[in-house]
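Biologist: Could you take me on a close look at the empty space in this protein, and at what sits around it? I'd like one connected walk-through rather than a list.

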Amino acid sequence: MKQVLLILLVFITISCNAQIYPLNYKEDVPNGAYYKDLDGELDKYVGLWKGTWNGKTVYLELKKIKDYSDGTHPYYKDRILGERKIIASNGTVEIDRISNFGSEGTEFWGIGFNLKNGNIKRLYFSPRNMCRKTGTLDITNFTGNQMTLHFEYLPSIIDPNCQHNAYVDQYGDFPINFPKDIVLTKQ
């Protein structure tokens, strides 16, 4: 009986310390707080999205997860994570990270806000094997089951040992294999 009461007391203590706040709460919160998607703001982004670009079919799968940040001020937060699949017009699969979603960390995460325009939602993009080159995907339009994405690179350090430098010299860009602009439809 004493063990049951002790376990119950520990559970209640832990529950009281894990305080829940709305996703976009701006005030200071205690360590271990949880920024929860109380209003389901992220739910509309969750799912499999499909679009076409230069004859290719682009799939973007987005999932909502509870993420833990263990920095100097640890907290939990609901986030969107994503992976992509690119299929060439001849049916060849060029990239498929959806089949092993998140096994090596995801390429997309967010959703944040564009600092220039607070109404635009933003995903962050870190393509694999691109010498730490990263970018943003601004959701410039979202209506019903369609969203329009606009890709831009984030400033980064130039890696003189990057395996893609010759490609960049020849074509003027990294072989990211993702469009600058695309309209995706929820499947």
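Modeller: Here is a walk through the pocket, the cavity and a few residues that deserve a second glance. Keep in mind that this is a predicted model, and every value below is computed from it.

Let's start with the open space. The largest pocket holds about 330 Å³. Its lining is made up of 17 residues, and those nearest the centre are Lys77, Arg79, Ile111, Gly112 and Phe113. Two elements give two or more residues each to that lining: strand E5, running 75–87, and strand E7, running 108–113. E7 gives the most, with five residues. As for chemistry, the pocket lining splits into nine nonpolar residues, three polar ones and five charged ones.

Now for the closed space. How many cavities of 30 Å³ or more does the structure hold? Just one cavity reaches that size. The largest cavity has about 90 Å³ of space in it. Around that space you'll find Leu23, Asn24, Glu41, Leu42, Tyr45, Lys77, Ile111, Phe113 and Lys121. Sorted by type, the cavity lining comes to five nonpolar residues, one polar and three charged. If you click on Lys77, Ile111 and Phe113, you'll be looking at residues that line the cavity and that also lie among those nearest the centre of the pocket.

Ile111 is worth a pause. This residue belongs to strand E7, and the peptide bond leading into it from Gly110 is cis, with omega near 10°. So that you can place it on screen: the cis bond runs into a residue that helps line the largest cavity, within the strand that gives the most to the pocket lining.

Lys77 takes us on to Tyr35. Tyr35 is in strand E2, which covers residues 33–36. Is Tyr35 buried or exposed? With a relative accessibility of 13%, it counts as buried, because the cut-off for that is under 20%. Beyond its neighbours within four places in sequence, Tyr35 is in contact with Tyr21, Pro22, Leu23, Tyr25, Glu27, Val29, Tyr75, Tyr76, Lys77 and Asp78. Two of those partners, Leu23 and Lys77, turn up in the cavity lining as well. Tyr35 also sits 9.0 Å from Lys66, C-alpha to C-alpha, with their positions 31 residues apart in sequence.

Another residue to look at is Glu61, in strand E4 (residues 56–69). Glu61 is buried but makes no salt bridge. The nearest side chain of opposite charge belongs to Lys63, 4.3 Å away, and a salt bridge needs the two groups within 4 Å. Setting aside neighbours within four places in sequence, Glu61 is in contact with Gly47, Leu48, Leu81, Gly82, Glu83, Ile98 and Phe101.

Finally, have a look at the loop between strand E8 (121–125) and strand E9 (135–143), where Asn129 lies. Phi of Asn129 is near 60°, a positive value in a residue that isn't glycine. Arg132, found in the loop between E8 and E9 too, has a positive phi of about 65° without being a glycine either. Asn129 counts as exposed because its relative accessibility is 60%, and Arg132 counts as exposed at 64%.

Terms used. Residues numbered from 1 in each chain as written. Predicted model: local features only at pLDDT ≥ 70, side-chain atom pairs only at ≥ 80, totals over all residues. Heavy atoms only, no water. 1 Å grid on protein atoms, 1.4 Å probe; cavity = no way out; pocket = protein on both sides within 12 Å on 5 of 7 lines; lining within 4 Å. Points joined across faces, edges and corners; volume = space filled by probe spheres on them. Helix = DSSP H or I, 4+ residues; strand = E, 2+ residues; numbered from the N terminus. Nonpolar A, V, L, I, M, F, W, Y, C, P; charged D, E, K, R; others polar. Buried < 20%, exposed > 50% of the residue type's maximum accessible area, 1.4 Å probe, protein only. Lys, Arg positive; Asp, Glu negative; His and termini not counted. Contact = heavy atoms within 4.5 Å.
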